Structures are given as C-alpha cells and as structure tokens.
Amino acid sequence: MRDHLYLFFFMIQFSSGCILSNERQKIEITGYTGGSVVLPCSCAHPQSTVNTFTWRFDGGGRWIPVFEYEKYSGRRVLFNESSPQNLSLLISGLRKENQGYYKCETEGHYITIHLTVKGCNLVQNTKATIAVTGYAGESVVLPCSCSELLAKPEQIRWMYYVENAYKEIYPNENSEKHKNRVKLLNQTSPGNLSLHISALTAEDEGDYVCSVSSKTVYFRLRVEVILRTEKPHIHTSISLSTLQPSHQTQELPSAQQPHDTSQYVFILLGVILSVLLLALLAFIYWRCRGGRNVKTVTRDEEELNIEQDNQDDVTYSTVVHVKTATTPAHRESDPAEHTEYAPIKVKR
C-alpha cells in the first residue's frame with residue numbers, strides 16, 4: 001500500500017512538469033561589462049520533464065523573449081543540451097544595457113532574477129594632467145584603470161597628440177613612430193587599461209590621452225636620456241647630438257660624479273705611496289751614513305793603536321862623548337854628565 005502511495009505522488013509530480021527551484025523568489029546576480037554571467041534556473045526534481053520554457057527580459061514595461069531579441073544575438077547559451085533539467089542561461093559580452101530583470105518560465109512556474117552590470121569608472125582624475133617620466137631606450141607605463149578591475153570597458157582608445165591633432169595609437173596604430181611598441185597590460189585584469197610603451201625615444205615625449213567611453217584621462221610624458229659610458233669625452237659628444245641643453249645640465253654632473261670620486265681616491269693613494277717611499281729612502285740613507293761613521297771611528301782607532309805600537313818598539317841607546325884633548329889629566333870626568341839618548345826604531 002505504501003509503495004502504491006509513493007508511486008501515486010511521483011506520477012502527480014511527473015505529470016505536473018518542471019517545478020523550478022527557488023520558485024517565485026527574486027535572485028540577485030552581479031556581472032561586469034565585457035564579461036559573462038550565468039542566470040540560474042533548473043527543475044527541483046531531477047526526473048522532471050520540461051515541455052516548454054522561455055527566458056524573458058524586461059524591456060521597459062513589457063517582457064521580451066531573450067532568444068528573439070537581436071541585442072542578445074550570438075551572446076546567449078542554454079545549458080539544457082547535456083542536462084534537460086538545467087535551464088540556466090549564459091550571457092557573454094555583457095553590456096550596461098543588459099542590466100535589468102529576467103524571468104525564467106515553465107508551465108505555470110517562474111523565477112525572477114535581477115541582473116546588475118557594473119561598468120568601467122576610471123580611477124584617475126579626469127580633470128588633471130598626470131605627469132610621467134620615462135628614460136630613452138627603456139619602457140614606460142601610462143597608468144589608466146577602471147575602479148572595477150573585472151569590468152572591461154566597451155570602448156578603449158589611446159591617442160597621442162602630434163601635429164596639432166590626436167592620432168590613435170591603440171587599438172588602431174595610426175602613428176608610425178608607435179607601431180609595434182604599444183600594448184595594454186590587461187592580460188589578467190580586464191579593467192587594467194594601462195599603456196605599455198617600449199624602446200622609448202626622445203620623439204615619444206608629449207601628450208597622451210586614455211579615452212574610455214565618454215571619459216578621458218590626460219598624460220604628459222617626459223623622456224630623459226641617460227648615457228651610460230666610462231669615457232667622459234665620448235659622453236659629451238653623444239649628448240650633443242641627442243640631448244637637449246636643459247637635459248644636459250641636469251644629467252651630466254650626476255654621470256661624472258663616480259669618475260671624479262675615483263680620481264680623487266687614486267690621487268690620495270699616490271700621495272700616501274710617495275710619502276712612504278720618501279720615508280723608506282730616508283731610513284736607508286741614515287743607515288748607510290751611520291755605517292760610514294762607524295768605519296771612520298774604527299780606522300782612527302786602528303791608526304792610534306799602530307802609533308802606540310811604534311812607540312813601544314823604540315829603544316834608547318847611550319852615547320858617551322869623551323873629550324880627551326881639553327880635559328886636564330888630573331881631573332876625571334863624570335860620564336853621566338855627557339850622556340845623550342838617541343831613539344832607534346827597530347822594525348819587527
């Protein structure tokens with residue numbers, strides 16, 4: 001009996017068609033311009049069958065079938081090919097005009113979904129000019145982005161002011177000087193509209209405009225030239241041909257500072273080495289002169305010793321003078337009174 005009761009209720013539900021989940025409730029969905037969104041709608045019972053259903057859009061007081069609306073052509077997909085109970089609707093390439101109320105209807109059942117589409121509102125101040133500085137030979141980024149990074153603007157243009165007019169450089173490169181050198185940095189964030197310019201030259205200096213729908217942001221790019229070289233005279237010759245005079249006076253001193261500092265260091269080291277060398281020569285001269293004085297003293301001492309030895313080698317002989325003719329015979333003379341000493345040098 002219980003089995004028959006279950007079968008009876010099942011037949012009633014099956015015969016009643018698809019009863020929608022969250023029936024008669026209002027669902028809030030948020031999407032972003034340029035992106036995709038899924039409006040959920042499915043049968044509550046997985047074994048339900050769907051005979052007829054439709055999606056409608058509130059077109060200002062009347063419900064318009066989505067699949068008959070030309071504005072959705074090529075941008076709506078149903079999920080019921082693999083799962084007949086899944087009636088969800090996928091809308092791609094969202095626009096601000098897609099915002100509003102949607103209704104998923106089956107036989108006597110429906111749900112209402114309110115879709116909010118957020119667009120691109122520029123973060124930068126549109127009334128001021130943003131100054132950006134780049135360097136020749138390198139890259140620069142001109143910042144421009146939406147407040148919602150997931151929101152992709154419906155229209156984005158970058159222009160460069162030249163010859164008293166703005167020329168588009170993205171997405172259509174009407175300026176030959178920027179060809180193949182500009183791109184957007186929106187690989188991961190659709191709302192990042194910053195412009196990347198590579199291989200900067202002095203000719204890239206000027207005014208740029210980021211235009212999103214009816215809003216614009218102004219930029220003034222300044223390109224500075226930095227010459228990296230080790231020889232000052234080469235640095236000067238190159239700067240005369242590529243750099244403006246005002247830029248020369250700003251960049252040249254900073255480029256010469258490392259060279260001047262190293263020159264001062266080498267001069268200081270040369271002075272220190274010269275002082276040390278002079279001190280070494282003075283020390284050697286002092287030692288040599290002291291040696292000569294020692295030799296002179298030694299030679300004098302040797303000569304003095306030789307003279308003393310010569311004095312030691314002198315002997316004295318006695319010479320006796322005897323006078324026989326004038327001395328009387330009766331008087332004897334004393335030999336000691338007439339004795340003289342004569343030095344005799346004896347060679348050893």
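F266 is found in helix α3, which covers residues 245-312. In this predicted model, F266 comes out as exposed, because its relative accessibility is 61% and anything over 50% is classed that way. F266 also belongs to a nonpolar surface patch of about 730 Å², shared with V265, L268, L269, I272, L273 and L276.

Away from the helix, there is an open sheet of five strands with mixed pairing, in the order β1-β8-β7-β3-β4. Its edge strands are β1 and β4 (63-65), and each of these pairs on one side only. Neighbouring strands in the sheet are turned against each other by 30° on average, with direction ignored. As a general matter, the strands of a sheet pair through backbone hydrogen bonds, and the pairing is either parallel or antiparallel.

Strand β8 takes up residues 109-118, and seven of its ten residues are buried, so β8 is largely enclosed by the rest of the structure. On one side, β8 runs parallel to β1 (residues 26-32), and the two are joined by seven bridges. Within this pair, I27 sits opposite I113 of β8. Strand β7 (residues 100-106) is also joined to β8 by seven bridges, but here the strands run antiparallel. T106 stands opposite H109 of β8. The hairpin of β7 and β8 has two residues between the strands, and in this hairpin G108 takes a positive phi near 80°.

Moving along the sheet, β7 also pairs with β3 (residues 54-58), again in the antiparallel sense, this time over four bridges. W55 has C104 in β7 as its bridge partner.

A few backbone details in the loops deserve a mention too. E163 lies in the loop between β11 (156-162) and β12, and its phi is near 55°, a positive value in a residue that isn't glycine. E163 counts as exposed because its relative accessible area is 64%, set against a cut-off of over 50%. S213 likewise isn't a glycine, yet has a positive phi of about 55°; S213 sits in the loop between β15 (206-212) and β16 (215-224). Then there is the peptide bond joining Y170 and P171, which is cis, with omega at about 0°. P171 itself is found in the loop between β12 (165-170) and β13 (182-184).

Terms used: Residues are numbered from 1 along each chain as its sequence is written. This is a predicted model: local features need pLDDT of at least 70, side-chain atom pairs count only at pLDDT 80 or more; totals for chains, interfaces and linings use all residues. Side-chain values use heavy atoms; hydrogens and water are left out. Patches are made of residues with over 30% relative accessible area and no salt bridge: like charges are joined within 9 Å, nonpolar side chains (Val, Leu, Ile, Met, Phe, Trp, Tyr) within 5 Å. Accessible areas come from the Shrake-Rupley method with a 1.4 Å probe; for residues, only the protein chains shown count as cover. A salt bridge is a side-chain nitrogen of Lys or Arg within 4 Å of a carboxyl oxygen of Asp or Glu. Buried means under 20% relative accessible area, exposed over 50%, partly exposed in between (1.4 Å probe, protein chains only). Two strands pair if DSSP finds at least two bridges between them. Axes are lines fitted to C-alpha atoms, for helices over the stretch in contact, and angles run from 0 to 180 degrees between N-to-C directions.
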